[in-house]
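Colleague: I'd love a close look at the salt bridges in this model, please. Could you walk me through them and show how they fit with the rest of the fold?

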Amino acid sequence: ATRFKVIEFESAVDDTRGAWCVRYRLKHTDRDAVLSRNRTLLVEDLGVTCLHPENTNMVIDVGYSERGRAAELKSEVSAELRKEGETFMRSFKFKSR
């Protein structure tokens with residue numbers, strides 16, 4: 001509870017995948033990352049969480065994140081990372097049994 005602090009959270013239903021999915025964006029701080037002791041990092045996670053359309057006991061979460069000191073990061077995920085991350089997230093497909 002002392003390591004992470006949520007700054008912003010947004011979510012919305014994503015009906016583009018043929019399954020029940022929710023896209024999310026989470027911005028938070030990380031106050032005690034292993035390689036950044038005594039420094040607070042800013043983290044932004046973007047992703048989609050879906051209930052498998054055939055196996056409702058399975059939830060799939062696909063996403064990407066960027067982290068760094070506040071001075072190193074802009075207010076949002078860099079454009080290059082966003083492009084690569086969104087391409088990766090669009091590439092996942094559900095397989096039938």
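Modeller: Happy to! A salt bridge here is a side-chain nitrogen of Lys or Arg within 4 Å of a carboxyl oxygen of Asp or Glu. Please keep in mind that this is a predicted model.

With that cut-off, arginine 23 and glutamate 86 qualify, since their closest N and O atoms are 3.0 Å apart. Arginine 23 belongs to strand 2 and glutamate 86 to helix 1 (residues 79–91), so this pair links distant parts of the chain, 63 residues apart. Of the two partners, arginine 23 is partly exposed, at a relative accessible area of 28%, while glutamate 86 is buried, at 15%.

The whole structure contains seven salt bridges. One of them joins the side chains of aspartate 30 and arginine 3, with an N to O distance of 2.7 Å. Aspartate 30 sits in strand 2 (residues 20–30) and arginine 3 in the segment before strand 1 (4–14), so the contact ties together parts that lie 27 residues apart in sequence. Aspartate 30 counts as buried, with 0% relative accessibility, whereas arginine 3 is partly exposed at 32%.

Strand 2 also offers arginine 25, which forms a salt bridge with glutamate 8; their closest N and O atoms are 3.0 Å apart. Glutamate 8 lies in strand 1, so this pair ties together parts that are 17 residues apart in sequence. Arginine 25 is buried, with a relative accessibility of 11%, and glutamate 8 is partly exposed at 30%. These two residues also belong to a network of salt bridges that links Glu8, Glu10, Arg25 and Glu44.

Now for the setting. The four strands form an open sheet in the order 1-2-3-4, with antiparallel pairing. Strand 1 and strand 4 are at the edges with a single partner strand each, so one side of each has no neighbour in the sheet. On average, neighbouring strands are turned by 15 degrees against each other, direction ignored. Strand 3 and strand 4 pair in the antiparallel sense over eleven bridges, and leucine 42 stands opposite glycine 68 of strand 4. Helix 1, home of glutamate 86, lies across strand 2, strand 3 and strand 4, and runs at about 170 degrees to strand 4.

Strand 2 has a covalent tie as well. The structure holds one disulfide, and this bond joins cysteine 21 to cysteine 50, with an S to S distance of 2.1 Å. Cysteine 21 is in strand 2 and cysteine 50 in strand 3, 29 residues apart along the chain. The torsion about their S-S bond is about 115 degrees, so the disulfide is right-handed.

Both cysteines are buried, and both appear in the largest nonpolar core. That core has ten residues: Ala19, Cys21, Leu46, Val48, Cys50, Ile60, Val62, Tyr64, Met89 and Phe92. Strand 3 (41–51) and strand 4 (59–69) each supply at least two residues of this core.

To pull the salt bridges together: strand 2 carries aspartate 30, arginine 25 and arginine 23. Their partners are arginine 3, glutamate 8 and glutamate 86, in that order.

Technical notes: Residues are numbered from 1 along each chain as its sequence is written. This is a predicted model: local features need pLDDT of at least 70, side-chain atom pairs count only at pLDDT 80 or more; totals for chains, interfaces and linings use all residues. Side-chain values use heavy atoms; hydrogens and water are left out. A nonpolar core is a set of buried Ala, Val, Leu, Ile, Met, Phe, Trp, Tyr and Cys residues joined through side-chain atoms within 4.5 Å. Buried means under 20% relative accessible area, exposed over 50%, partly exposed in between (1.4 Å probe, protein chains only). Two strands pair if DSSP finds at least two bridges between them. Axes are lines fitted to C-alpha atoms, for helices over the stretch in contact, and angles run from 0 to 180 degrees between N-to-C directions. Contact means heavy atoms within 4.5 Å. A disulfide is a pair of cysteine sulfur atoms within 2.5 Å.
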